[in-house]
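Grab a pencil and open the viewer. Below are a few exercises, each with a solution you can follow step by step.

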Amino acid sequence: MIETEVSPDRVILVGVQTDELGEDKFNYLMEEMVRLTETAGGEIVGEVTQKLPRPNNKTVIGKGKLEALAAQVELEEANLVIFLNSMSPNVNRTIEEELGVRVIDRVQLILDIFAMRAKSSAGKLQVELAQYEYLLPRITGQGTSLSRLGGGIGTRGPGETKLETDRRHIRSRIGRIKKELKQLEAHRERTRERRQSGRDFNIGFVGYTNAGKSTLLEGLTDSKTYVQDQLFATLDPLTRKMTIRGHNTFTLTDTVGFIEELPTELIYAFKSTLEEIRDVDLLVHVVDASHPARDMHEDTVMNLLRELKMDKIPMLVVYNKKDCLNKDLFTPTLHPSILISACSNSDIHRLKELIWQSCIELAESYTVSVQPEESDLLALYHQKTLVESLEFDEVKECYIVKGYRRTNHK
């Protein structure tokens with residue numbers, strides 16, 4: 001069998017700066033498109049931008065700019081054009097016919113990355129559902145849109161099922177996926193309920209994509225996770241045990257990174273991972289403190305938490321990557337907070353202590369007497385609660401245990 005090397009897609013990025021997008025935000029979103037395209041495995045060979053009050057309702061960009069784009073596609077031998085701005089199916093088809101190459105938008109690009117990252121059954125099904133629902137109105141029996149089945153960015157996942165041939169098959173598949181997801185959701189709900197009814201303090205990680213959540217999870221739990229300097233390196237929920245002061249009564253759950261201008265299709269695509277932290281005791285909001293768009297990242301996460309009705313959960317903000325900035329000039333905007341580097345052992349220890357204190361504030365204190373012969377009971381308190389002191393009372397001839405235990409406050 002002869003193996004052939006598949007060349008990366010040669011990509012031209014296109015973006016329209018509308019009246020709703022300030023220059024700084026537009027420039028940042030275009031820079032982010034570069035990272036997204038690279039994460040998906042594309043090679044960027046050109047970029048086209050235009051300022052318009054609103055996108056052209058037929059071709060997104062103006063007629064002259066479209067002609068220039070067509071010339072650039074031919075010159076650079078590009079085989080894929082990715083638009084920052086969302087497109088309707090009709091607009092998508094019109095542009096493809098004009099350019100003679102595949103055309104996708106930011107939504108489909110992110111869905112493509114999700115398809116690469118999903119590993120669990122629920123994650124794969126959720127992404128497949130989002131892809132089918134997004135692509136169904138874009139299926140045609142003619143034109144260059146058929147080439148989206150040939151491989152490359154925007155073709156991962158349901159492309160293998162010959163989308164253009166059988167709409168009824170696709171709708172049937174959507175129905176089956178929804179049924180499977182409902183069953184998986186019921187299973188996850190039972191798992192969450194068991195976790196909630198237990199004595200562990202449940203902590204959920206949130207943050208903008210590539211803020212360093214997975215690196216932090218690895219440092220806090222001494223476990224190996226997928227850590228890469230990529231957007232959406234983590235998609236599926238990942239839960240690990242954490243030990244503080246000898247107590248392993250903490251669970252940490254990592255989640256998919258949030259992103260600016262997240263379309264509805266994508267909120268549903270990673271809904272399953274966010275459901276895992278819906279009922280946690282404490283949210284740890286990880287922020288890349290060194291990023292020039294830090295304020296935008298914070299706003300994106302906070303707005304999405306409000307949308308998901310998770311903004312009332314107690315929160316600790318972790319400003320990460322302090323090794324990449326001048327910490328003397330750094331001023332936190334969210335509180336309570338801590339500035340750390342996830343790669344520093346001393347900073348990991350400081351964060352653990354702050355998590356301990358945060359959990360104690362959410363817990364209830366207790367004082368109990370334990371008889372000397374009840375050693376198994378002493379072990380149980382150490383295993384299931386946060387024991388702060390253990391003293392032997394000579395007068396009462398018993399142990400006095402003082403500590404904190406999680407309250408099932410949901």
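Before you start, one term: a crossing of two helices is left-handed if the near helix is turned anticlockwise from the far one by less than a right angle, and right-handed if clockwise. Keep in mind, too, that this is a predicted model.

**Exercise 1. Get an overview of the protein.**

Solution.
- Start with the secondary structure: there are 12 helices and 13 strands.
- Next, look at burial. Of the 410 residues, 51% are buried.
- Then turn to the surface. About 20,100 Å² is exposed, and carbon and sulfur atoms supply 47% of that area.
- Last, check the contacts. Among those between residues at least 6 apart in sequence, 69% link residues at least 24 apart.

**Exercise 2. Describe how helix H1 packs against helix H4.**

Solution.
- Find the two helices: H1 covers residues 23-39 and H4 covers residues 106-117.
- Now the geometry. Their axes are 10 Å apart and make an angle of about 35°.
- Use the term from above: H1 passes H4 in a left-handed crossing.
- Pick out the residues that meet. On the H1 side they include Leu 29, Met 33 and Leu 36, and on the H4 side Leu 109, Ile 110 and Ile 113 are among them.
- Sort the residues of this contact by type: seven are nonpolar, two are polar and three are charged.

**Exercise 3. Which residues form an aromatic cluster with Trp 356?**

Solution.
- The structure has five aromatic pairs.
- Pairing needs ring centres within 6.5 Å.
- Phe 201 and Phe 250 join Trp 356 in one cluster.

**Exercise 4. Hunt for unusual backbone spots.**

Solution.
- Know what to expect: most residues other than glycine have a negative phi, and most peptide bonds are trans.
- Look at the bond from His 335 to Pro 336. This peptide bond is cis, with omega near -10°. Pro 336 sits in the loop between strand S9 (315-320) and strand S10 (337-339).
- Go to Glu 77, where phi is positive, near 55°. Glu 77 lies in the loop that runs between helix H2 (63-76) and strand S3 (80-83).
- Try Glu 397 as well: phi is again positive, near 55°. Here the loop is between strand S12 (386-393) and strand S13 (398-405).

**Exercise 5. Is Glu 77 buried or exposed? And what about Glu 397, buried or exposed?**

Solution.
- Recall the cut-off: exposed means over 50% relative accessible area.
- Glu 77 has 60% relative accessibility, so Glu 77 counts as exposed.
- Glu 397 has a relative accessible area of 53%, so Glu 397 is exposed.

Key. Residues numbered from 1 in each chain as written. Predicted model: local features only at pLDDT ≥ 70, side-chain atom pairs only at ≥ 80, totals over all residues. Heavy atoms only, no water. Axes fitted to C-alpha atoms, helices over the stretch in contact; angles between N-to-C directions. Helix = DSSP H or I, 4+ residues; strand = E, 2+ residues; numbered from the N terminus. Contact = heavy atoms within 4.5 Å. Nonpolar A, V, L, I, M, F, W, Y, C, P; charged D, E, K, R; others polar. Phe/Tyr/Trp six-rings, centres within 6.5 Å; stacked < 30°, edge-to-face > 60°. Buried < 20%, exposed > 50% of the residue type's maximum accessible area, 1.4 Å probe, protein only. Areas by Shrake-Rupley, 256 points an atom, 1.4 Å probe, with all protein chains shown as cover.
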